[in-house]
Amino acid sequence: MAKINRKTLLQKLDSVSPGLAQRELVEQSQCFVFADGEIWTFDEEICCHTESDLPEKVKFACPSKPLLALLSKLQEDDIDLEVEDGLFIIKGKNKRTKIRTEKEVTLPYDSVENPTKW
């Protein structure tokens, strides 16, 4: 589906990490939500999003801790990402790992108002 630089993806995930909840008060608030070509996090107080470099049609929620741990351990510069049958598949050189995802996104990221000015 997409070839992406691992460090760039880690930086993007890190940039939206302030929106991750320590305790899950809102469903999927400990997940990275990939939707509409962006990565979203929302903990009921803080909503963060950035470009994902994945196609806009891709929509799923992925637990944050396993994804961050996996990406931190990989040594490859470029990785291939795929989503199929409820799995987020990450391919590196001679490595292939799957993380279970939630196809249905219940995180209310799209109901948060965007500020007009910062």
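1. Cys47 has a relative accessibility of 25% and therefore counts as partly exposed in this predicted model. Its neighbour in the list of cysteines considered here, Cys48, stands at 13% relative accessibility and so counts as buried.

2. The structure holds zero disulfides. For Cys47, the closest cysteine sulfur is that of Cys48, at 6.7 Å, which is too far for a bond. A disulfide would require the two sulfur atoms to lie within 2.5 Å. The same pair results when the search starts from Cys48, because the closest cysteine sulfur to its own is in Cys47, at 6.7 Å.

3. Four strands form an open sheet in the order S4-S3-S2-S5, and their pairing is antiparallel. Strand S4 (47–51) and strand S5 (60–63) are the edge strands, each pairing on one side only. From one strand to the next, the twist averages 25°.

4. Strand S2 (residues 31–35) and S5 run antiparallel and are joined by four bridges. Within this pairing, Phe34 has Phe60 in S5 as its bridge partner.

5. Helix H1 (residues 6–16) packs on the sheet, where it touches S2, strand S3 (38–42) and S4. The direction of helix H1 makes about 160° with that of S4.

6. Helix H2 (residues 64–73) lies across S2 and S5. Relative to S5, helix H2 runs at about 70°. Strand S2 is thus a point of reference for both helices: H1 touches S2, and H2 lies across S2 together with S5.

How values were computed: Residues numbered from 1 in each chain as written. Predicted model: local features only at pLDDT ≥ 70, side-chain atom pairs only at ≥ 80, totals over all residues. Heavy atoms only, no water. Pairing = 2+ DSSP bridges. Helix = DSSP H or I, 4+ residues; strand = E, 2+ residues; numbered from the N terminus. Axes fitted to C-alpha atoms, helices over the stretch in contact; angles between N-to-C directions. Contact = heavy atoms within 4.5 Å. Buried < 20%, exposed > 50% of the residue type's maximum accessible area, 1.4 Å probe, protein only.
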